[in-house]
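Colleague: I'm new to this one and would like a close look at just one part of it. Could you walk me through a single helix and what surrounds it?

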Amino acid sequence: MTTTSPLGSEATIRARAEGLSFWYGKFQALYDVSMPIHDKQVTAIIGPSGCGKSTLLRCFNRIHDLYPGVRYEGALELLPEGLNLVGKGVDPILVRLMVGMVFQKPNPFPKSIYENVASGLYVRGIRNRSEVDGRVETALKQAAIWDEVKDRLKKPAYELSGGQQQRLCIARALAPEPKLLLLDEPTSALDPIATAKIETLISDLAEQVTVVIVTHNMGQAARISHHTAFMHLGKLVEFNETETIFTNPQADQTRDYVTGRYG
């Protein structure tokens, strides 16, 4: 495994995996993964289907804990807090308040646009109407959808287009001010125009929040990420600056994948 990164000496590390392994019951899905996540940058996780990239991403917010028989070893440390997100004594609900998640298919709640974005604030115990109003507006602006919805906040979220729904889901994840924002193939269900808007949005968001994205689209990873991790069979094969991964990979497996020899 290669994990060299010249940018690492300049960019703050916001989180890091240290010897992370993960099991679904008796099946081991991740093997001894170690890599940094740089603050206010985009880290892409790529690899063929079934390689463990989404499994790794979902460890960050403990979504696996919703299913029985899962087990973690090693650490996913949030810095500078020094909190091991997969530690046995750490409440998964607390983790999910700190780590926002956006899925492959837009999944707005069957509520109004406003209530969708406010939902995470309510979970945090924020009830003051003026504060909720302000943070809903801020999140919708961060997600580049405020101008499209500001006059219909009480309308059902399902009235929005697919691309708008995904930006709404990003706003919903941003409202509680997460430490990390996880995106699991967020454009795979969208048309090219909506995809371009989401990619621009992700690039803009990286100035405000640390982003980790799983994508099957290597062109997308090359366009929007600063660092890229290549996964294969549950193992981290290589981690480096994105430009290096795509132009001068150190591992033969990485080179074969990014040049299209297998996928």
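How many residues does helix H4 have, and how far does H4 reach from its first C-alpha to its last?

Modeller: Keep in mind that this is a predicted model. Helix H4 runs over residues 129-142, so to speak a stretch of 14 residues. From first C-alpha to last, H4 reaches 20 Å, close to the 20 Å expected at 1.5 Å a residue.

Now look at which parts of H4 are hidden. Val132, Arg135, Val136, Ala139 and Leu140 are its buried residues. They sit on the same side of H4, because the arc they cover around the axis is only 135°. The general rule behind such patterns is that an α-helix has 3.6 residues a turn, so residues three or four places apart point the same way.

What does that buried set pack against? Its partners are helix H3 (113-123), helix H5 (146-149) and H6. Just past the end of H4, Ala144 takes a positive phi of about 55°.

Two of the buried H4 residues turn up again in the largest nonpolar core, which has 48 residues: Val136 and Leu140 are among those with the most contacts inside it, along with Val117, Ile170, Leu181 and Ile202. Helix H6 (residues 162-174) gives the most to this core, with six residues.

H3 and H6, both packing partners of H4, also help line the largest pocket, each supplying at least two residues. About 540 Å³ of space lies in that pocket. Its lining has 20 residues, and the closest to the centre are Arg96, Val99, Met101, Phe109 and Arg172.

Technical notes:
Residues numbered from 1 in each chain as written. Predicted model: local features only at pLDDT ≥ 70, side-chain atom pairs only at ≥ 80, totals over all residues. Heavy atoms only, no water. Core = buried A, V, L, I, M, F, W, Y, C linked by side-chain atoms within 4.5 Å. Buried < 20%, exposed > 50% of the residue type's maximum accessible area, 1.4 Å probe, protein only. Helix = DSSP H or I, 4+ residues; strand = E, 2+ residues; numbered from the N terminus. Expected span 1.5 Å × (residues − 1). Arc of directions from axis to C-beta. Contact = heavy atoms within 4.5 Å. 1 Å grid on protein atoms, 1.4 Å probe; cavity = no way out; pocket = protein on both sides within 12 Å on 5 of 7 lines; lining within 4 Å. Points joined across faces, edges and corners; volume = space filled by probe spheres on them.
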